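Thank you all for coming. I would like to walk you slowly through one structure this morning, so please keep the view open while I talk.

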Number of protein chains: 2
Amino acid sequence: MAVAAAQVDQHGEGEAFSERQREVLDAALELILQAGDGLTMASVARRASCSKETLYKWFGDRDGLLTATVQWQASKVRLPSLDRENLDYRSLKQGLADFAESWLSVLTGQMSIALNAMAIAHSSSARSGLGGIVLDNGRFAIGQRVKPVLEMARDAGLLAFDDTEEAFCTFFGLVVRDVQIRALLGDRPLPDKQAIRQGTELAAQQFLTLYGVPENEGR
Amino acid sequence: MAVAAAQVDQHGEGEAFSERQREVLDAALELILQAGDGLTMASVARRASCSKETLYKWFGDRDGLLTATVQWQASKVRLPSLDRENLDYRSLKQGLADFAESWLSVLTGQMSIALNAMAIAHSSSARSGLGGIVLDNGRFAIGQRVKPVLEMARDAGLLAFDDTEEAFCTFFGLVVRDVQIRALLGDRPLPDKQAIRQGTELAAQQFLTLYGVPENEGR
DNA sequence: GCCGTACCGTACCGTACAGTACGGCGGTGT
DNA sequence: ACACCGCCGTACTGTACGGTACGGTACGGC
């Protein structure tokens, strides 16, 4: 229930874990990949060559270990920046499509799926903030990254909208569609690189159709 | 692992369960609502005033009970039809918005969230077809319902698209956005009736902007 | 050399829960 | 009346796993 140091910093930039602790958390991540929520404290200890007692000392309990693991993974994921000066219509579209592609690739990765599944499984029962953490570092973090760009594009006269949140949610829907929920429900195969690229290009096009300012389209 | 009769029919219209069995499955649904995947065979037996032995006799094992429960719930959900003759632009938009509203309402209901969460929790570990069942009766069933309408509207000259699947996926994305994943990850409060209505009306409008045939809009 | 600290490995405990066994009981056919 | 059957209730078994205790080892300070 109590993560030694990561408890303190609100947003968990992840500097709170020692080298050895990070090894342990990586072991936990590997196990989550193959066993999902079914990982046991013993299996983590075995995989990381550490003792269960140490796990409890460092992370308090099972929930604390899971929380720390999710935070650790979140601190590793670094999505592309998408900040860009000299915006024009074409580069905006390209930037949105590139960003969406990278984002969807992460979202359909084994790790994202496993972690989201685990967080969802927990949100129904335990009062661990796993769902909140995943939400903060997933959907929320993406929003924080995208919204300024949308507003920048609006200021440049390329987009038109009143509600940034609404515009971002629309972008989210156009990009993600049913892909994530299908993946989470075990639908296979996952979309490949090409399918993702194709979908996100369409999404960028559609988003601009909805929110773009026609006279500034250039071409 | 083996559901007595429901095993036979592929799509489970749900007539395979006796009155008493349906009572038991309803008890299981109630428990899933409050305990999610954490429901125990004993709790179901207690709630339904039946013996564990009967549960095992009828449903084989815990997985079989869960599967039957999900099928039973799926057989109960009946989304509005949306079939409509004499399509015009306005009635199409209204129909899509109404349908989307009803759909999103179901999707954000306690029962949908609990069942989806359970199916997701299982898809990571067990090889039970829970995820597939939910997918078939959720996303897939919706598609089957919506696609003919889209094609009908296209034949009437109201919509323009080549790929029905693509058009439907776009509709899905515009309607669902981040609502479902946020709900599954425990984000609260859930959108209320008004927020849903507002979102789905926007979605219908956006969908028509993307796929509507302008000259037939007849405002 | 001695002590404290941190950690590993393993054994152990308690509990929760899936699955089974069995006695009892009410209904139905003969 | 009696046998049979489906079901309830309850007790039981086996096991998996969270959490704890403890002995053994390596290391740094004094």
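**Chain A, its partner and the DNA**

Let me begin with chain A, which has 219 residues, and of these 42% are buried. Please keep in mind throughout that what you are looking at is a predicted model. In terms of secondary structure, chain A holds 10 helices and 0 strands, and if you follow the elements from the N terminus on, the order reads α-α-α-α-α-α-α-α-α-α. As for how the chain contacts itself, when we take the contacts in chain A with a separation of 6 or more, 68% of them link residues that are 24 or more positions apart.

Next, the two protein chains together: 35 residues of chain A are in contact with 35 residues of chain B. On the chain A side, at least two residues each are supplied by α6 (110-123), α7 (130-155), α8 (164-176), α9 (179-184) and α10 (193-211). Sorted by class, that side of chain A comprises 16 nonpolar, 13 polar and 6 charged residues.

Finally, the DNA: which residues come nearest to DNA strand D? There are 16 residues around the strand, and those that come nearest are A:T40, A:D61, B:C50, B:S51 and B:T54. Looking at whole elements, α2 (41-48) and α3 (52-59) of chain A, along with α3 (52-59) of chain B, each give at least two residues to the surface near DNA strand D, and the largest share, 4 residues, comes from α3(B). By class, the residues of that surface are 4 nonpolar, 5 polar and 7 charged.

Notes:
Residues numbered from 1 in each chain as written. Chains lettered and ligands numbered in written order. Predicted model: local features only at pLDDT ≥ 70, side-chain atom pairs only at ≥ 80, totals over all residues. Near = placed C-beta within 6 Å. Nonpolar A, V, L, I, M, F, W, Y, C, P; charged D, E, K, R; others polar. Contact = placed C-beta atoms within 7 Å. Buried ≥ 20, exposed ≤ 12 C-beta atoms within 10 Å, placed from the backbone.
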